[in-house]
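Trainee: I'd like a close look at one part of this model, the surroundings of its ligand. Could you walk me through that part and then outward from there?

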Amino acid sequence: MTGESGYIQDLFDTAVVEPAPLPRTAAEALALLDDWVERDWIRALDHAFAAFVCKIVDERGEQPSAMLALLAAMASHQVGRGHVCLDVRHLCQATEPTLVLPPEGVGSLPADSLQPSDLFADVSPDELVSHLNQSCAVGNGELATPLVLDGSRLYLRRFWRYEQAIAAGIRKRLETHAEMTDTSLLARALDTLFGTSQEPDYQKLACALAARNRFSVITGGPGTGKTTTVVNLLAALQSVACESAGTDDASPYLRIRLSAPTGKAAARLSESIGGAVDRLPLEKLPGRPDKSAIPTQVTTLHRLLGSRPGSRSFRHNEDNPLPLDILVIDEASMVDVDLMASVFAALPDKARLIMLGDKDQLASVDAGAVLGELCQRADHAHYLPATAQWLESVAGCQLPPEQVDADGLPLDQAVAMLRKSYRFDEHSGIGVLASATNAGRLDRQLIAQCREQNFEDVAWLVPDGGSARPGINEPGVALLADHALTGSPERFRNSGAGRLVNDRPIDPPVGYGHYLDIVRGHKPASGNEADEREPWDAWATDVLTAFNHFKVLCALRQGPFGVEGLNREIAERLRRAGLIDRTEGWYAGRPVLITGNDYNLGLMNGDIGVTLSVPWDRNDAGEPVETLRVAFPSSDGSGTIRWISPSRLQSLETVYAMTVHKSQGSEFTHACLVIPDRLTPVLTRELAYTGITRARHWLSLVVSQEGVLKEAVGRGVIRASGLARLLV
Ligand SMILES: Nc1ncnc2c1ncn2[C@@H]1O[C@H](COP(=O)(O)OP(=O)(O)OP(=O)(O)O)[C@@H](O)[C@H]1O
């Protein structure tokens, strides 16, 4: 660079950098994709798939184009991000939010690199569709092409098949209603369980709807009573079955199985369902069903279907259907299309399938937002007049007219939405923030209310200052590390003291100091023999419960407010407080998150354990020696502890801070949601909503830029799927 302008640019470091040229050949596109793999933007698998597609077309005498390679890689990348396909319309209209590339925003991109958006800036969706249609790698599903194009949606063939199978399974179930001998019996059972108010009782209506259908979805936010509703539904169905059974029937009861996509979700449902079953007025129901007729054990879907190690197929399938009459799937937003297709394959024709979940949560980490897709129209219900009439005759309450729609679709008739939260009242900041976030409206007034402690359950923390250097925010990180140590009760109204929830007093918020006190202070007296596991199991259970009392949740992995940096900073703060001995390697108190399934150890991606020191080994002299073991809660919800030696664990990370994505299906007494100081494509309304609703009693929001949070809440995730369209 020469002359005055070059000097000035050098001075201010604002040199105009020539953008790299667009790839012209498939080889150049693959080289670019290689660079993206190196940067960890896309998976090696995405690159390999693009290379595979290029090879196939080349072998068939077609010259693979740069665009074909890029689109194949991006379709695979979308699957890795939880989308079932790549919609090229979205790709052209909003490349960055569609692909979420670079993964954590453009801030991390060197100036001379090609922006992903550069690749698709000068091309229209129609051009892309016609380009794809000319390739022998792309078909409409009839031929065995690696890619399938349906309208503007580009699928990897396998995922297109899953979506078709799910749609066919749902359509078949929507064609006819479930067998019901006597609806007046159902009405009596529902009146006994819910009372007889004329006001719409959405739980009662949901029960009626699910009793009528062979396929149904019950969606609702946290604490809207999904568990309560399903327990009442099962009681009502068993009541009807019992009352209408003939005397010759071997067992009058329906065979019911409860399931969830992860061990953690299964354990949570097992815990809450037991209490709800105990409260049922079974004696007063027609047929007086026995308590044992309502199961309380929840299994994972993999276990229910009979997973086979090292295989994608299950023991239960079309040829060997599940032996059941009713299948309930909780936390259905976490079920991906692959698993959902297997469920439909293994479900007997006459069985009822009931899916429960929160439609507004982030979608499954694996491909396919099944629940979100199915609930797209749930807010306005769209019940046909005939459905509304039937519901009114069975549930005895009238639907608001705006929920009745003469043009309602078959799927609408099977979706029920619970609309009242019994956990959060109108004074709860968590509840108010969750609804405002969901509605995409986080206004100045609400933020001011949070800042001024108008809500007793919300603390608003503002990391002030920050550094002039981008990507650094020392004061913010220090504030967060202190907060993680104590939970900062002083930041809540009355320091969190004296609060009642459902008329019961609750403890003020805590941070990680709380569980570490139990790690250090409540260890069983040594001298216990290794075979006396009870006190050790009890200690580990207390530690794990206490660890669940607080969690830092981040949107990002990198940057000053990302998981990686915060894990280091929080560990260092805890070490300085004398609560842990070191911050690297293995140490007593280290919490770990499993990041890959390990079938041998029975650990699943997302499982959390805490490292504890136990005196179970012996030295040569036969004396006890302290060794570290990681305590994990058992995956079957039985409440027992699995002790695993750190050397046996393969994929894991320390988990003082975790991403909101990984926190799905979990709930913490106190959740601290960290909003980064810059807007990135991952920061969406669904992410903020999911983070906020992980908090059961206390929520702290760390917000350095209000504008970032407001903007994030204003934008929803772009979902790409054809499922809803297939069900029209
Ligand atoms: N109709 C109701 N009347 C009074 N309390 C209710 C009612 N329904 C649910 N609850 C109470 O609200 C709380 C939440 O209910 P429940 O666990 O069924 O909701 P959920 O939607 O399954 O919650 P989660 O968000 O944990 O999945 C429970 O304490 C439950 O007893």
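Trainee: Which residues surround the ligand?

Mentor: Happy to. Bear in mind that this is a predicted model, in which local features need pLDDT of at least 70, side-chain atom pairs count only at pLDDT 80 or more, and totals for chains, interfaces and linings use all residues. Residues are numbered from 1 along each chain as its sequence is written.

The ligand has around it Gln203, Gly220, Pro222, Gly223, Thr224, Gly225, Lys226, Thr227, Thr228, Ser272, Tyr422 and Arg423. For a residue to be near a molecule, its C-beta atom, placed from the backbone, must lie within 6 Å of it. By residue class, this shell holds two nonpolar, eight polar and two charged residues. Here Ala, Val, Leu, Ile, Met, Phe, Trp, Tyr, Cys and Pro count as nonpolar, Asp, Glu, Lys and Arg as charged, and the others, Gly among them, as polar. Helix 12 (residues 226-244) contributes the most to the shell, with three residues. Helices (H or I, at least four residues) and strands (E, at least two) are DSSP runs, numbered from the N terminus.

How does that compare with the record? An unreviewed UniProt entry lists Gly220, Gly221, Pro222, Gly223, Thr224, Gly225, Lys226 and Thr227 under "binding site". UniProt positions are given in the numbering used here, feature names are shortened, and annotations may be inferred rather than shown by experiment.

Two glycines from that UniProt list deserve a closer look. Gly221 sits in the loop between strand 5 (215-220) and helix 12, and Gly225 is also placed in the loop between strand 5 and helix 12. Gly221 counts as buried because it has 23 C-beta neighbours inside 10 Å; Gly225 is buried too, with 20 such neighbours inside 10 Å. The cut-offs are 20 or more other C-beta atoms within 10 Å for buried, 12 or fewer for exposed, and partly exposed in between, with C-beta atoms placed from the backbone.

Leaving out residues up to four places away in sequence, Gly225 touches Gln203, Gly220, Leu418 and Tyr422. Among these, Gln203, Gly220 and Tyr422 also belong to the ligand's surroundings. With the same exclusion, Gly221 touches Asp358, Asp360, Ser421, Ala434 and Thr693. A contact here means C-beta atoms, placed from the backbone, within 7 Å.

Those contacts lead outward. Thr693, touched by Gly221, falls within residues 655-702, where the unreviewed UniProt entry places "domain: UvrD-like helicase C-terminal". That span is 17% helix and 40% strand, and its end C-alpha atoms lie 18 Å apart.

Ala434, another contact of Gly221, lies in helix 18 (residues 429-438), as does Gly429. Gly429 is buried, since 26 other C-beta atoms lie within 10 Å. Apart from residues up to four places away in sequence, Gly429 touches Cys450, Phe455, Asp457, Val458 and Leu699. Leu699 is also inside the span of the UniProt C-terminal domain. For a sense of distance, Gly429 and Glu331 are 98 residues apart in sequence and 24 Å apart in space, C-alpha to C-alpha.

Helix 12 also offers a way into the interior: Ala236 is, with Ala75 and Leu147, one of the residues with the most contacts inside the largest nonpolar core, which has 220 residues. Such a core is a set of buried Ala, Val, Leu, Ile, Met, Phe, Trp, Tyr and Cys residues joined through C-beta atoms within 7 Å.

Note on methods
Contact = placed C-beta atoms within 7 Å.
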